[in-house]
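User: I would like to learn how the words used for a protein model follow from its numbers. Could we go through a few of them together?

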Amino acid sequence: MSKTVNSPEQTPVLRVWGGQKLSGEVVISGAKNSALVLMAGSLLCSEACRISNMPGLADVKTMTKLLSALGLTVKRDHDVMEIDASGLNTSEAPYELVSKMRASFFIVGALLGRTGIARVPLPGGCSIGDRPVDIHVRGLQALGADVHVEHGVLHAYVRGGKKRLQGGHAYLDFPSVGATENILMAATLAEGETIIENAAREPEIVDLANFCIAMGAKIQGAGTDKIVIQGVERLHSCDYSVIPDRIEAASFLLAGAITRSEITVAAVCPEHLTPVLAKLAESGITVVADGPNRLRVIPTETYRGVDIETLPHPGFPTDVQSPFMSLLTLAEGSSVITEKLFENRLQHVAELNRMGADIRLKGSVAIVNGVARLSGAPVMATDLRASAALVIAGLAADGETVISGLHHMDRGYSDLEGKMRGLGAKLERTMVDVVSENPEPATAQ
């Protein structure tokens, strides 16, 4: 049986040449995890809202297409997005868009609150572990919604033929960010008072609440484990700015630390980075505040291993686990990293080991023994945050690192390579051929 070689397809890769000192200042973009849910939250308002500091991400483009498919008008001018939800004409989301990212599921609460009905396919996104929608469902049921899943589509509507959801008491078994956001949005237009207990406390929850408040919602307690919402009949237009991306900020701080470089990370909220800054300090890396929204990494030649356990906010963020692991591959001594939130979020370990790291896996625990050097190698980004981890490792490695799977990075980092080049990193995105070989069908003899 012979083989035929198909014409080559092309895929992007990021080539990173390590060993370059970084310097200068980088400005952090708006937070991915806030921008997407604020876009979903705009469904609650029957007027136009302007959201600034909007990052340029693949996921933002996907959410734009999703809102447009629901009848909204979305216009963008640089980092300012105007969303007019007055033309909302359907409560059914198309599978081909929802399947691309997890954040599309945030429209359930907003659609249910605004129209009394939502039909949304179960979502897609990074394969980092089981993220069930049960908590979302129980929370919406507490507000008087009938919810069921049929043929992979979640159907939700206001129970008893009523026009509006009813205020209720939602206790979350786990402080899920997405569930907190969906219930909060649904409750803004419900009749009466809603209480969410064991709510997520992430900064992105506070940002969503503040956005809704700017539209006229009545919300108290965001950022604590108990949120109280007094439902209102309607929301109005507003101008709002997305908070800075704390995960992007942490990624650049780690890039400065691993390259022993002095860089400034600007347009940040230092209080959102408290657990990351604490672990950097514990490792012996100094980060100083040069102002209310500026942090500067002070270079140090040696630093120590630290133990990390990912937890809901205000614990150590799971989104920084993989980038921080890259830093610890070159630390003195050993580190133990325990991933408590997503069981599949250690797939980057094999790729770091390919670069010369010494990491052993035991279930959801990674034991990192620091090595003297990393070596450039061909590696594959396995999820969004793993892509940043590999870039950070590549900056410190000897030789060239070639990173594929860039669609993950483009979902959550706005022009990462351009910002890195602005600091003096040597990296370039190029297209490479991918040749697939298929066996030629056998012929009768």
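User: What makes the link between the side chain of Ser251 and the backbone oxygen of Ile247 a polar contact?

Analyst: In this predicted model, the side chain of Ser251 reaches the backbone oxygen of Ile247 at 2.9 Å. A polar contact is a pair of N or O atoms within 3.5 Å, where, within protein, one must be able to donate a hydrogen and the other to accept it, and residues adjacent in sequence count only if both atoms are side-chain atoms. Local features here need pLDDT of at least 70, side-chain atom pairs count only at pLDDT 80 or more, and totals for chains, interfaces and linings use all residues. Residues are numbered from 1 along each chain as its sequence is written, and side-chain values use heavy atoms, with hydrogens and water left out.

User: Why is Ser251 called buried?

Analyst: Ser251, which lies in helix α8 (residues 246-258), has a relative accessible area of 3%, and buried means under 20% (exposed is over 50%, partly exposed in between, with a 1.4 Å probe and protein chains only), so Ser251 is buried. Ser251 also touches Pro323, Ala388, Ile392 and Tyr413, not counting residues up to four places away in sequence, where contact means heavy atoms within 4.5 Å.

User: Why are α1 and α2 called roughly parallel?

Analyst: The axes of helix α1 (residues 32-41) and helix α2 (residues 58-69) come within 10 Å and cross at roughly 5°. Angles under 35 degrees count as roughly parallel, over 145 as roughly antiparallel, 65 to 115 as roughly perpendicular and the rest as oblique, and therefore α1 and α2 are roughly parallel to each other. In this packing, Lys32, Leu36 and Met39 in α1 meet Asp59, Val60, Met63, Thr64 and Leu67 in α2.

Note on methods: Axes fitted to C-alpha atoms, helices over the stretch in contact; angles between N-to-C directions. Helix = DSSP H or I, 4+ residues; strand = E, 2+ residues; numbered from the N terminus.
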